[in-house]
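User: I should like to learn how pockets and salt bridges are read from a model. Please take one topic at a time.

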Amino acid sequence: MDFIYDIIVVGAGHAGCEAACAAANMGSKTLLITIDMNKIAQMSCNPAVGGIAKGQIVREIDALGGQMGIVTDRSAIQFRMLNRSKGAAMWSPRSQSDRKRFIEEWTKVVSTTNNLHIWQDTVIQLIIENKQVVGVKTQLGVEIKSKAVILTNGTFLNGLQHFGKVQIRGGRISEPASFGITEQLKSLGFIADRMKTGTPCRVDGRSIDFSVLTEQKGDNDFHKFSYLPDVQRKLKQMSCWITYTNEATHEELRKGLPDSPLYNGQIKSIGPRYCPSIETKIVTFADKDAHQLFLEPEGVDSMEYYVNGFSSSLPLQVQLNALKTIRGLEHAEIYRPGYAIEYDFFDPTQLHHSLETKLINNLFFAGQINGTTGYEEAAGQGIIAGINAHLKINAQEPFILHRDESYIGVLIDDLVTKGVDEPYRMFTSRAEYRILLRQDNADERLTEKSYNLGLAKRERVDLLKTKEANKQRIIDFMQNYSIKSREINDFLIRNGSQELTHGCKLIELLGRPQITIDNLAEELPSLKEQLELTLTQKDEVAESVEIEVKYKGYVEREKQAAEKLHKLENIKLRGRVNYNELQSLSTEARQKLTRIDPETIGQAARIPGVSPNDINVLLVLLGR
């Protein structure tokens, strides 16, 4: 080993693994440094990937040539498409994973990726020369040189775990924290702060009475994360189970509030608003007499169950007493208690959209170090950081995804433009153009972009071309297929749709909300024959055709709105204006524009506190 690399990635969580694989697959000699090689891509909290808006991110990672979707499909023990009762823009895939298999699959990936090397150690310092990172120093006393470094430290930077009054330093249960990096970066001018997250206790499935619980099975249709046809779910599919807290549960929890780190001053940092601890729920929603809980299996060969909705840092005995008041858990035995963890993060407005830091060249941040929460948000940042680190050291332009191109683009733009005051979690509501950013079309949006960068392989582009050709063939068929009212009215009536008074083109029927392409194909053998010609992509193509036809008007409207946004994104701003000299700007605008130093007028317009009038002042100044 020569200990000289192109790129070093610190931390082998979800961000680190994606970053390392992206950089290596693009051709950079990459080193992934992790504290424990047995816990690569550990699912620190719940054993699931995806969910509302998060599932879209995973499909985007896959479309870019990333690994999370592939690993998730190969370790999946349940798959569900959430929000099917709503419009297609809200559909979000979610998968339960076998925790152990997930680590095994990720370990296979990083261990067999060309140009990717692994080193087990703890990084304690960055080597910086002339405001550029050139390597790292480790706890073992090793100096490793590189052209770029990506920090993906998760919750390990000065991590402190809380089990009631008991405090243990660590980045995760039974794993040591990391010290030194925060202190060094703060000395260089970086702004750091503390955040908090938490996890529930794990219950022994042998002590659960499933007979009194509500079973939640997965979907049985084609859905999965990866667009690659040879990646399939092969493990035994398992159910989740639903139960509820009750007033007796809440009473036990209230008894423990004086000893709660969240309420006795022990924890001072901010926790995630949208994934609160159970003690926060009973205080914030004091009028609710029950909270829904999901018992999620940890794996096909495990009796461990994750109690989703019961995150807590209360003392062990309080957690156990409260748990035993819940239907189905009266005799519960736990493997380990829930706990909270505080850790360091850095204000993400200190980053460019490429995720390179503004203060130190060739240093990139990705994941919870930027104030986000969630495996998917971390992985999305990771793949972009890996791509851009490779591009930077090869003197190429950065790869930036815009808000109308991906949820990953929304995520990164929110971070670097607005910053965070609580752990950031992605939702569909954060995206202005969510009809464009559906889970079914991530490949159409991103695969060719990634292929042109050198990350996505030709196989993915060929699959995309085949899919697009099949879609267009079916749409052309439906546009040209005339159908008479007498041939179809009985079918329309059966499906609750208004009957025809005269003939029409088949595509007009598919635009009706009551009609699906599947039941239409069952009625019309010629349409079914067209769908069958798509072979392995049949269901995927059928879904995409139906969405495109039903939402065509909405899609066109959002595309027009996005084009207006791009006009502002094309007006460069950084380096052209001294904001402090512009008295016509509001004081808040001057302060925030100076601190964030936006790249474009478009980014400036999204900074909280910068008004439309401030933007007009800038446009006039720039002669626009």
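**Reading a pocket and its salt bridges**

Analyst: The second largest pocket has a volume of about 560 Å³. Its lining comprises 27 residues, and His353, Pro398, Ile400, Lys572 and Glu599 are the closest to the centre. The model is predicted, so that local features need pLDDT of at least 70 and side-chain atom pairs count only at pLDDT 80 or more, while totals for chains, interfaces and linings use all residues. Residues are numbered from 1 along each chain as its sequence is written, and side-chain values use heavy atoms, with hydrogens and water left out.

User: What is a pocket, and how is a volume obtained?

Analyst: Rolling a probe the size of a water molecule over the atoms shows where empty space is left. On a 1 Å grid over the protein atoms alone, with a 1.4 Å probe, a pocket is an open set of points with protein on both sides within 12 Å along at least five of seven lines; lining residues have an atom within 4 Å of a point. Points are joined across faces, edges and corners, and the volume is the space filled by probe spheres set on them.

User: Which elements give two or more residues to the lining of the second largest pocket?

Analyst: They are helix H9 (375-393), helix H10 (407-418) and helix H18 (552-569); helices are DSSP runs (H or I, at least four residues), numbered from the N terminus. The lining divides into six nonpolar, 12 polar and nine charged residues, where Asp, Glu, Lys and Arg count as charged, Ala, Val, Leu, Ile, Met, Phe, Trp, Tyr, Cys and Pro as nonpolar, and the others, Gly among them, as polar.

User: How many salt bridges does the rule give?

Analyst: A salt bridge is a side-chain nitrogen of Lys or Arg within 4 Å of a carboxyl oxygen of Asp or Glu. By this rule the count is 45. One of them joins arginine 606 to glutamate 569, with the closest N and O atoms 2.5 Å apart. This pair links distant parts of the chain, 37 residues apart: arginine 606 is in the loop between helix H20 (601-605) and helix H21 (612-621), and glutamate 569 is in helix H18. Both residues also belong to a network of salt bridges with Arg403, Asp413, Asp414, Lys418 and Glu432.

User: Is arginine 606 buried or exposed?

Analyst: Buried means under 20% relative accessible area, exposed over 50%, and partly exposed in between (1.4 Å probe, protein chains only). Arginine 606 counts as buried because its relative accessibility is 14%, and glutamate 569 is buried at 10%.
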